[in-house]
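Subject: Structure handover and notes

Dear colleague,

I am passing on the structure below, together with my notes on it. Please read the notes with the coordinates open beside them.

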Amino acid sequence: MKRSLQQGVLFSGLLICASTHSAELSGFAGLGVSIRPIYSGSNHTAVGPLLKAGVDLHSENWGLFGLSTDGLIWGLTPDSPFSMSLLLTQDEARKEVFNYPFSGRKNRDLQGMGNLSAALMAGTDLRYQQESWTLWLRLLTATEKQRYGGEAPGRSLIVTSGAQAELWRWQHAAISVGGDISWANSGYQQRHYGVTAQQAHRTDFAIYSPSSGFQQGGLYAELMWHFDKNLAAGLTSRAQYLFDEAGSSPLVNSRMQYSLSSLIQYTF
């Protein structure tokens, strides 16, 4: 089942639940801009639009259902600090020729590698949350095998753990910091950082078959300013480092990756 169809079916179910059970519907919409590498491991960055939107349905009987630009989520909302959610999201696609937004420029560093299609990922998210800090663990695996570079590397699997804490709050402003680290299996590493024999024949890259291992570690800081209970603006900066097998890929020309994003969001 295609991702768009799956989202539509679930969203229809949300509306049915909302009409037949006691539930609270909320949502958000945000627009901003981001500066980030054109692909994981590139030393070239691009400025592009940032759009986030979604709806959440809180039900006493069925927990939290959410549909957003990040994917689908369903989880129970217990009284304890522990929570668990089921997720459906996607591993981002990658074009072999990158078209810079707002200009006619193109980047051809990966020309000959072929386009990497998006992969539908399913998994779970575990959290322990207190008033000013959160610990979390997320496991995602591809729902099907996908061919890339003339080969089928196997289902992608990635496990990410992290923590976030609010450092400072003053009236309408708050500053938070966090960090995360990811481990990926060989299927995920091959999709993002590997070079098959077919791809090596079409490019100047050497054949590279990464094994499972730690993929990246990152630190980030976020500044949020609430204008009122519905409207807020945020600025997020992030630095991450590609480890071992990922960082040694011939596709990677910068292990250190930096990104910056700003967003204005309205909640209803």
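The notes below begin with the conventions and then turn to the barrel, a helix, the cores and two loop residues.

This is a predicted model, in which local features need pLDDT of at least 70 and side-chain atom pairs count only at pLDDT 80 or more, while totals for chains, interfaces and linings use all residues. Residues are numbered from 1 along each chain as its sequence is written, and side-chain values use heavy atoms, with hydrogens and water left out.

The barrel is closed by 12 strands in the order 1-2-3-4-5-8-9-10-11-12-13-14, with antiparallel pairing; strands (E, at least two residues) and helices (H or I, at least four) are DSSP runs numbered from the N terminus, and two strands pair if DSSP finds at least two bridges between them. From one strand to the next the twist averages 20°, where axes are lines fitted to C-alpha atoms, for helices over the stretch in contact, and angles run from 0 to 180 degrees between N-to-C directions. One of the pairings is that of strand 3 (residues 63-68) with strand 4 (residues 71-75), which run antiparallel and are joined by 5 bridges, and there Leu-64 stands opposite Gly-75 of strand 4.

Helix 2 (residues 186-193) lies across several strands, including strand 5 (82-91), strand 8 (119-129) and strand 12 (213-226), and runs at about 75° to strand 12; contact means heavy atoms within 4.5 Å. In helix 2, 7 of its 8 residues are buried (under 20% relative accessible area, with exposed over 50% and partly exposed in between, for a 1.4 Å probe and protein chains only), among them Tyr-188, Arg-191 and His-192.

The largest nonpolar core (a set of buried Ala, Val, Leu, Ile, Met, Phe, Trp, Tyr and Cys residues joined through side-chain atoms within 4.5 Å) has 13 residues, and Ile-38, Leu-110, Met-113, Val-195, Phe-205 and Leu-251 touch the most other members. A second, separate core of 8 residues includes Leu-87, Met-121, Leu-140 and Ile-158.

Two residues other than glycine have a positive phi, and you may wish to look at both: Phe-102, near 65°, and Gln-171, at about 50°. Phe-102 lies in the loop between strand 6 (98-99) and strand 7 (106-107) and counts as exposed because its relative accessibility is 67%, whereas Gln-171 is in the loop between strand 10 and strand 11 and is exposed, with a relative accessible area of 59%.

Best regards
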